[in-house]
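Biologist: Please take a close look at the salt bridges in this model. I would like one connected account of where they sit and what they join.

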Amino acid sequence: MITLTKENAEDAAAVRNIDHPEWGTWGFRRRGQPLLGGGYADIIGNGGGSKLLFSNEYPHWEVVKFKGKDIPA
């Protein structure tokens, strides 16, 4: 298992919640949502089902795919 971190978030493409793997795998977009004040939040999911993910929540998520490659099981 590779926990999502600030160091690997730029290369992450898909994540899964560690405590709730039954939620499935979510696409991950680093800095996908502009915020007021010039900051950004990351996005998990796609389209209308997407959600914001903030860096303080990273320890609850594992990376299941990096851009360009899968992680071996």
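Modeller: Glu 62 counts as buried because its relative accessibility is 12%, under the 20% limit. This is a predicted model. The partner of Glu 62 is Arg 16, and the closest N and O atoms of this salt bridge are 3.1 Å apart. Glu 62 lies in strand S6 and Arg 16 in strand S2, so the pair ties together parts that are 46 residues apart in sequence. Unlike Glu 62, which is buried, Arg 16 is partly exposed, with a relative accessible area of 26%.

The two strands that hold this pair are also joined through bridges of the sheet. S2 (residues 12-17) and S6 (residues 61-66) run antiparallel, and five bridges join them. One of the residues involved is Ala 14, whose bridge partner in S6 is Lys 65. S2 is also joined to S3, again antiparallel, by three bridges. Here Arg 16 appears once more: its bridge partner in S3 is Thr 25.

S3 leads to the other salt bridges. The count for the model comes to three, and Glu 10, Arg 30 and Asp 42 are linked in a network. Within that network, Asp 42 forms a salt bridge with Arg 30, with 3.3 Å between the closest N and O atoms. Asp 42 lies in strand S4 and Arg 30 in strand S3, so this pair ties together parts that are twelve residues apart in sequence. Asp 42 has a relative accessibility of 3% and therefore counts as buried. Arg 30, with a relative accessible area of 33%, is partly exposed.

Arg 30 also forms a salt bridge with Glu 10, where the closest N and O atoms are 3.7 Å apart. Arg 30 is in strand S3, while Glu 10 is in the loop between strand S1 (2-3) and S2, so the pair ties together parts that are 20 residues apart in sequence. Glu 10 counts as partly exposed because its relative accessibility is 45%.

The loop between strand S3 (25-34) and strand S4 (40-44) holds Leu 35. At 32% relative accessibility, Leu 35 counts as partly exposed. Together with Leu 52 and Phe 54, Leu 35 forms a nonpolar patch on the surface, and the three have about 230 Å² of accessible area together.

Technical notes
Residues numbered from 1 in each chain as written. Predicted model: local features only at pLDDT ≥ 70, side-chain atom pairs only at ≥ 80, totals over all residues. Heavy atoms only, no water. Patch = residues over 30% accessible without salt bridge, like charges linked within 9 Å, V, L, I, M, F, W, Y side chains within 5 Å. Areas by Shrake-Rupley, 256 points an atom, 1.4 Å probe, with all protein chains shown as cover. Salt bridge = Lys/Arg side-chain N within 4 Å of Asp/Glu carboxyl O. Helix = DSSP H or I, 4+ residues; strand = E, 2+ residues; numbered from the N terminus. Buried < 20%, exposed > 50% of the residue type's maximum accessible area, 1.4 Å probe, protein only. Pairing = 2+ DSSP bridges.
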